[in-house]
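Dear colleague,

Please find the structure below, handed over for your own work. My notes on what was found in it follow directly after.

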Amino acid sequence: MAPPTTRPADGSVTLRGIRKTFASTVAVDDVDLEVADGEFFAMLGPSGSGKTTVLRMIAGFEQPTEGTVLLGGSDVTAVPPHRRDVTTVFQDYALFPHMTLRENVEYGLRARNVATAERRRRAGDALAMVRLDHVADRKPAQLSGGQRQRVALARSLAVRPKVLLLDEPLGALDLKLREEMQVELKAIQREVGITFVFVTHDQDEALTLCDRLAVFNEGRIEQVGSARAVYEEPVNRFVAGFVGTSNILSGETAQQVVGRSGTWAVRPEKIGVLADTAPAPAGATVREGSVTEVVYAGASTRVLADLGPVTVTITSLNTAAASIVQRGDRIRLAWTDEALHQLTD
């Protein structure tokens with residue numbers, strides 16, 4: 001079972017004991033989850049971890065083998081997708097190429113028998129929200145990938161769902177455009193105030209966007225919490241290693257490097273590099289080693305250092321004051337007790 005977590009009241013999405021099997025394969029195994037009304041919630045995990053299957057069960061595209069799905073407190077487990085107050089934005093946009101942007105956005109409203117004048121007004125409002133109302137008469141082929149994704153978002157928002165489900169919607173975009181769309185998504189969610197449930201395998205994306213997130217692994221939830229809590233206080237090795245990068249120290253290695261038993265995680269950015277003559281911070285642990293690799297990454301540099309029983313990773317910003325090291329250099333590392341986080345395994 002996932003570790004206990006405080007659940008928000010009046011959840012707009014509630015999953016109770018959800019299990020999904022495909023033949024002999026268990027895709028989702030005993031998932032309990034509650035997403036608060038108006039929350040931007042992310043489901044994060046590697047491919048095959050069960051997150052997309054959970055999203056599809058919320059949408060109604062898949063039926064759970066066991067368990068209950070509730071939307072706004074109502075049991076919708078057996079309710080078909082078109083009768084659930086949710087819409088889904090997919091990675092491939094799913095726009096009709098022969099329709100204009102306005103017609104694409106109106107499509108869902110037409111299917112719901114919304115009157116023509118109201119349909120036109122709501123489509124215009126939705127396109128304005130994603131800043132594409134000035135090109136409403138263009139076809140999807142005339143747009144960039146980011147613009148097409150915004151049209152898909154507008155189409156979903158136009159029907160005013162209680163919950164908007166997003167299945168890795170930014171995965172096909174290049175890095176710069178993906179980062180721009182992350183900012184736009186966050187701003188749009190704040191403006192419309194509806195619940196967003198976002199599936200991604202990109203840890204940075206989840207941390208950037210969400211109010212809270214659930215970390216999935218092999219069909220189960222490992223941890224639920226705020227982005228800061230999950231990053232700063234991972235519950236186990238999997239979360240520490242998947243959400244960001246961690247140096248994991250356990251057993252004999254922990255005794256030698258940390259000076260205590262148990263399993264410990266220390267983030268690379270929390271390890272400092274000391275100049276040869278620089279004193280260590282009061283109470284800090286200091287270890288010496290040799291540099292095995294230096295990776296320049298633009299804004300930061302990643303250094304791998306061999307401490308004897310283990311190789312650790314250090315990340316530092318490339319500021320004017322940053323230490324410059326090379327392969328083969330001797331290095332002094334320091335960290336405080338506050339940088340260490342004990343894991344359950």
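Strand β12, residues 263-266, is joined to β18 by four bridges, and the two run antiparallel. Within this pair, W264 of the first strand stands opposite Q342 in β18. Please note that the model is a predicted one.

The pair belongs to an open sheet of three strands, ordered β11-β12-β18, with antiparallel pairing. At its edges lie β11 (247-249) and β18 (340-343), each of which pairs on one side only. From one strand to the next, the twist averages 30 degrees.

I turn now to the nonpolar cores. In soluble globular proteins, nonpolar side chains tend to be buried together. The largest nonpolar core in this model comprises 34 residues, and V105, L153, L164, L166, L185 and F196 have the most contacts inside it. Two or more residues are given to this core by each of the helices and strands α2 (101-111), α3 (116-129), α4 (145-158), β7 (163-167), α5 (175-192) and β8 (195-200). The greatest contribution comes from α4, which provides six residues.

Which residues are in contact with L185, once its neighbours within four places in sequence are left aside? They are F40, L153, L166, L170, F196, F198 and L209. Apart from the largest core lies another, made up of 28 residues and including L15, I18, V35 and V86.

With kind regards

How values were computed
Residues numbered from 1 in each chain as written. Predicted model: local features only at pLDDT ≥ 70, side-chain atom pairs only at ≥ 80, totals over all residues. Heavy atoms only, no water. Core = buried A, V, L, I, M, F, W, Y, C linked by side-chain atoms within 4.5 Å. Buried < 20%, exposed > 50% of the residue type's maximum accessible area, 1.4 Å probe, protein only. Contact = heavy atoms within 4.5 Å. Pairing = 2+ DSSP bridges. Axes fitted to C-alpha atoms, helices over the stretch in contact; angles between N-to-C directions.
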